[in-house]
Amino acid sequence: MTRKKILGSHVKRLLSGVSVHGRRHLTEVETDLLQTELLLEEAIDKLTASFMAVHTAVGARQEAIERLLEGGAPTPEDRALLSSMSGEVGAHVNTAITGMQFQDMTAQLIERTLRRVAGLRDFLGTLSEHGADIAPETDSDEIVERLGKVSMALAIQSLELRSMLRRSVEQKHMESGDVELF
């Protein structure tokens, strides 16, 4: 194989590797952002439903409360409604708190996304660092050697980044049990 063909082969392999690894990491970033959006939507839906349920529970007792404030005697139904109010509101508040715990999972996804973006930036920095020493008059054998080293460095960085990032996010210590997603 001629030197020109060897050089072309190394350049092709390097560019292909950069493209494959870069697209893989960007796809993971895109997936994490979509999962974050999904978690936020679910949390907002849960919080909205919980706050509306608290409002409904309090509103259902307002008539009895007003009657008591005006000095009236509570009916047996008023007593039943008022005595169950604390438990009902407490259940809705617990549901709201569970909804807010999704914030921890979204924080994990955002942290993983930021680490992946930082890893991709380092990946591109390595490419630039190795390419900066190649001058137009650099011997083709030296270029082939440098391209081999940069390809190896990029492959190692990509593997380290993939192994560093956990595949799933989880929420522990929720009343309803531990949750592991994605």
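# A guided tour of a predicted helical model

Begin with the whole chain in view and colour it by secondary structure: from the N terminus on, the elements of the protein run α-α-α-α-β-β. The radius of gyration is 30 Å, well over the 16 Å that the globule rule gives for 182 residues, so the protein is more spread out than a compact globule. Please keep in mind throughout that this is a predicted model. Counted by type, the elements are four helices and two strands.

**The whole chain**

Turn the model until its long direction lies across the screen, and the C-alpha trace will be seen to span about 100 × 25 × 20 Å along its principal axes. If a surface is switched on, what appears is an exposed area of about 11800 Å², of which carbon and sulfur atoms supply 60%. Beneath that surface, 28% of the 182 residues count as buried. Next, colour the charged side chains, and consider the 21 positive and 28 negative charges of the protein, whose mean positions are 11 Å apart. With contacts displayed, one may look at those between residues at least 6 apart in sequence, of which 79% join residues at least 24 apart.

**The largest nonpolar core**

Which residues make up the largest nonpolar core? Select Leu14, Val18, Leu120, Phe123, Ile143, Leu147, Val150 and Leu154, and show their side chains, since these are the eight residues of that core. The elements that give two or more residues to this core are helix 1 (3-69), helix 3 (102-132) and helix 4 (140-164), and it is helix 4 that gives the most, with four residues.

Stay in this core and centre the view on Val150, which, leaving aside its neighbours within four places in sequence, is in contact with Leu14, Thr126, Leu127 and His130. A second, separate core can then be brought up by selecting Leu39, Ala43, Met105 and Leu109, which are among its five residues.

**Two leucines at the surface**

Now select Leu15, which is found in helix 1. Is this leucine buried or exposed? Its relative accessibility is 56%, and because exposed means over 50%, Leu15 counts as exposed. Add Ser151 to the selection and draw a distance between the two C-alpha atoms: Leu15 and Ser151 are 136 residues apart along the chain, and their C-alpha atoms are separated by 9.1 Å.

Move on to Leu159, which lies in helix 4 and is likewise exposed, with a relative accessible area of 51%. For a distance from this residue, pick Thr31 as the partner: Leu159 and Thr31 are 128 residues apart in sequence, and 19 Å apart in space, C-alpha to C-alpha.

**Two partly exposed residues, and two long distances**

Return to helix 1 and select Ser19, which lies in that helix and is partly exposed, with a relative accessible area of 31%. How far apart in space are Ser19 and Glu63, C-alpha to C-alpha? Drawing the line between them gives 67 Å, while in sequence the two residues are 44 apart.

For the last stop, select Gly131, a residue found in helix 3, which is partly exposed, with a relative accessible area of 35%. A line from the C-alpha atom of Gly131 to that of Gln62 covers 74 Å, and these two residues are 69 apart along the chain. With that line still drawn, zoom out to the full C-alpha trace, which spans about 100 × 25 × 20 Å along its principal axes.

Methods. Residues numbered from 1 in each chain as written. Predicted model: local features only at pLDDT ≥ 70, side-chain atom pairs only at ≥ 80, totals over all residues. Heavy atoms only, no water. Rg over C-alpha atoms; globule rule 2.2 N^0.38 Å. Buried < 20%, exposed > 50% of the residue type's maximum accessible area, 1.4 Å probe, protein only. Contact = heavy atoms within 4.5 Å. Areas by Shrake-Rupley, 256 points an atom, 1.4 Å probe, with all protein chains shown as cover. Lys, Arg positive; Asp, Glu negative; His and termini not counted. Charge placed at Lys NZ, Arg CZ, Asp CG, Glu CD. Core = buried A, V, L, I, M, F, W, Y, C linked by side-chain atoms within 4.5 Å.
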